[in-house]
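Here is a colleague's note for a reader who wants to check each point against the coordinates on screen. Please have the side chains displayed while reading.

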Amino acid sequence: MNQLIIKKIQSTFRQHFNVEPMMIAAPGRINLIGEHVDYNQGLVFPAAIDKYIYAAFYKNKDEKSRIYSIDQNEWIDIDLKNIQKEAPGS
């Protein structure tokens with residue numbers, strides 16, 4: 001895991017939300033030919049790689065979730081009482 005990225009995420013989270021985040025990291029994966037069947041009925045073999053996705057969270061008391069992407073510099077606000085499925089590509 002990349003400690004510089006983790007520190008940047010924690011710092012950015014504190015700046016935006018003024019609280020200490022809970023951090024998670026999940027390894028990326030690749031699929032090689034193997035034992036698992038993918039969505040196209042092809043055989044694949046998943047393997048973890050040394051690339052990660054990182055996220056910071058904090059439980060609030062609202063019925064809303066606010067998501068920020070450092071890489072895209074964009075916000076998404078979600079009303080958890082009014083989640084609606086969107087059409088692909090919308």
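The points below take up the largest pocket, the salt bridges and a nonpolar surface patch.

1. Before anything else, please keep in mind that this is a predicted model, and that the values quoted here are computed from that model.

2. Which residues are closest to the centre of the largest pocket? The pocket holds about 890 Å³ of space, and among the 27 residues that line it, those closest to its centre are Phe13, Ala55, Ala56, Ile67 and Tyr68.

3. As to where the lining comes from, the elements that contribute two or more residues to the largest pocket are helix H1, which runs over residues 3-17, strand S2 over 43-57, and strand S3 over 64-69. Helix H1 gives the most, with seven residues in the lining.

4. Sorted by class, the lining of the largest pocket is made up of 16 nonpolar, five polar and six charged residues, a breakdown that may be worth having at hand when the pocket is inspected residue by residue.

5. How many salt bridges does the model contain? The count comes to two, and each is described in turn below.

6. One salt bridge joins Arg14 and Glu20, with the closest N and O atoms 2.8 Å apart. Arg14 has a relative accessibility of 34%, and because this value falls between 20% and 50%, Arg14 counts as partly exposed. Glu20, at 47% relative accessibility, is also classed as partly exposed.

7. Another salt bridge is formed by the side chains of Asp77 and Arg66, with an N to O distance of 2.7 Å. This pair links distant parts of the chain, since Asp77 belongs to strand S4 (residues 74-79) and Arg66 to strand S3, the two being eleven residues apart. Are these partners exposed or partly exposed? Asp77 reaches 53% relative accessibility and therefore counts as exposed, the cut-off being over 50%, whereas Arg66, with a relative accessible area of 44%, is partly exposed.

8. Finally, a nonpolar patch of about 300 Å² is found on the surface, made by Met22, Ile24 and Phe57. Of these residues, Phe57 lies in strand S2, an element that also gives two or more residues to the lining of the largest pocket. Phe57 has 40% relative accessibility and so counts as partly exposed, and this value is also over the 30% relative accessible area asked of residues in a patch.

Note on methods. Residues numbered from 1 in each chain as written. Predicted model: local features only at pLDDT ≥ 70, side-chain atom pairs only at ≥ 80, totals over all residues. Heavy atoms only, no water. 1 Å grid on protein atoms, 1.4 Å probe; cavity = no way out; pocket = protein on both sides within 12 Å on 5 of 7 lines; lining within 4 Å. Points joined across faces, edges and corners; volume = space filled by probe spheres on them. Helix = DSSP H or I, 4+ residues; strand = E, 2+ residues; numbered from the N terminus. Nonpolar A, V, L, I, M, F, W, Y, C, P; charged D, E, K, R; others polar. Salt bridge = Lys/Arg side-chain N within 4 Å of Asp/Glu carboxyl O. Buried < 20%, exposed > 50% of the residue type's maximum accessible area, 1.4 Å probe, protein only. Patch = residues over 30% accessible without salt bridge, like charges linked within 9 Å, V, L, I, M, F, W, Y side chains within 5 Å. Areas by Shrake-Rupley, 256 points an atom, 1.4 Å probe, with all protein chains shown as cover.
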